[in-house]
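Hi,

Here is the structure I promised to pass on. Have a look at it first, and then read on for what turned up.

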Amino acid sequence: MHANDAQTLVLCALADGPLHGYAVNTAIEELTGERLGPGSLYGALARLESKRLIEPFDGQGRQRPVRLTPLGREVLERELRAMARVADAGLRSLGVSPA
C-alpha cells in the first residue's frame, strides 16, 4: 500500500471522531478488510501530524488519541471527491453504473 493511501485511510478513520492508534487500525480494518502494519500506521500518523492534518486530543499515557484538524477535514474531503470522480469515470468506462 502506498504511503498516501495509508494517510487517506487514517484520515477516513478519524472522520467520525478522535481515536488512538489501535482503534484507528481497527476502523481501517472494518473499512478495507485489512490492517496496516505498525510502520505504515505510525508513519502515517506522524506524517499527518507534521502536516497539521491531525492533532493530539486529551490523551493519557500510551493511549494517545488524535483527531482531525479543520485543515485535515478539508484535505480529506478534497481527496475523497477526487477519488469519487476517478471511480465514477472508471466504472463508466467499464460499462458499469457508478454506485
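One cut-off before anything else: a residue is called buried under 20% relative accessible area and exposed over 50%, with partly exposed in between. Arg 47 has a relative accessible area of 33%, so it goes down as partly exposed. Please keep in mind throughout that this is a predicted model.

On confidence, the protein chain averages a pLDDT of 91, and 92% of the residues score at least 70. Taken element by element, the lowest mean belongs to helix α1 (residues 3-14), at 91, and the highest to strand β2 (residues 66-68), at 96. The usual caution holds that where pLDDT is low, the predicted coordinates should not be read in detail.

**The overall picture**

The protein chain has four helices and two strands, and from the N terminus they come in the order α-α-α-β-β-α. Along the principal axes, the C-alpha atoms fill a box of roughly 50 × 25 × 20 Å. Of the 99 residues, 27% count as buried. The chain exposes about 6600 Å², with carbon and sulfur atoms supplying 54% of that area. If you take the contacts between residues at least 6 apart in sequence, 41% of them join residues at least 24 apart. As for charge, there are 12 positive and 12 negative ones, and their mean positions are 5 Å apart.

**The core**

Which residues have the most contacts inside the largest nonpolar core? They are Val 10, Leu 11, Leu 14, Val 24, Ile 28, Leu 36 and Ile 54, in a core of 18 residues. The elements giving two or more residues to this core are α1, α2, α3 (38-50) and β2. Helix α1 gives the most, with six residues. That fits the general tendency in soluble globular proteins for nonpolar side chains to be buried together.

Two of these core residues are worth clicking on. Ile 54 lies in strand β1 (residues 54-56) and has a relative accessible area of 2%, which means it counts as buried. Leaving out residues up to four places away in sequence, Ile 54 touches Leu 11, Leu 14, Leu 45, Leu 48, Glu 49, Val 66, Arg 67, Leu 68 and Thr 69. The C-alpha atom of Ile 54 is separated from that of Glu 77 by 14 Å, with their positions 23 residues apart along the chain. Leu 14 touches Ile 54 too, along with Leu 19, Val 24, Val 66 and Leu 68, again not counting residues up to four places away in sequence.

**Buried polar residues**

Is Asn 25 buried or exposed? With a relative accessible area of 5%, Asn 25 is buried. You'll find it in helix α2 (residues 21-32), and beyond its neighbours within four places in sequence, Asn 25 is in contact with Arg 35, Leu 36 and Leu 41.

Thr 8, in helix α1, is another one to look at: its relative accessibility is 12%, so it counts as buried. Setting aside neighbours within four places in sequence, Thr 8 is in contact with Leu 76, Glu 79 and Met 83.

**Three arginines**

Back to Arg 47, which lies in helix α3. Its C-alpha is 8.0 Å from that of Gln 7, although the two are 40 residues apart in sequence.

Arg 52 is in the loop between α3 and β1. At 64% relative accessibility it counts as exposed. The backbone there deserves a second look: Arg 52 has a positive phi of about 65° although it is not a glycine. For context, most residues other than glycine have a negative phi.

Arg 73 lies in helix α4 (residues 70-93) and is partly exposed, with a relative accessible area of 47%. Arg 73 and Arg 52 are 11 Å apart, C-alpha to C-alpha, and 21 residues apart in sequence. Apart from neighbours within four places in sequence, Arg 73 is in contact with Ala 15 and Leu 68.

That's the tour; shout if anything is unclear.

Cheers

Note on methods:
Residues are numbered from 1 along each chain as its sequence is written. This is a predicted model: local features need pLDDT of at least 70, side-chain atom pairs count only at pLDDT 80 or more; totals for chains, interfaces and linings use all residues. Side-chain values use heavy atoms; hydrogens and water are left out. Buried means under 20% relative accessible area, exposed over 50%, partly exposed in between (1.4 Å probe, protein chains only). Contact means heavy atoms within 4.5 Å. Accessible areas come from the Shrake-Rupley method with a 1.4 Å probe; for residues, only the protein chains shown count as cover. Lys and Arg count as positive and Asp and Glu as negative; His and the chain ends are not counted. The place of a charge is taken as NZ of Lys, CZ of Arg, CG of Asp or CD of Glu. pLDDT is the predictor's confidence in each residue, from 0 to 100. A nonpolar core is a set of buried Ala, Val, Leu, Ile, Met, Phe, Trp, Tyr and Cys residues joined through side-chain atoms within 4.5 Å.
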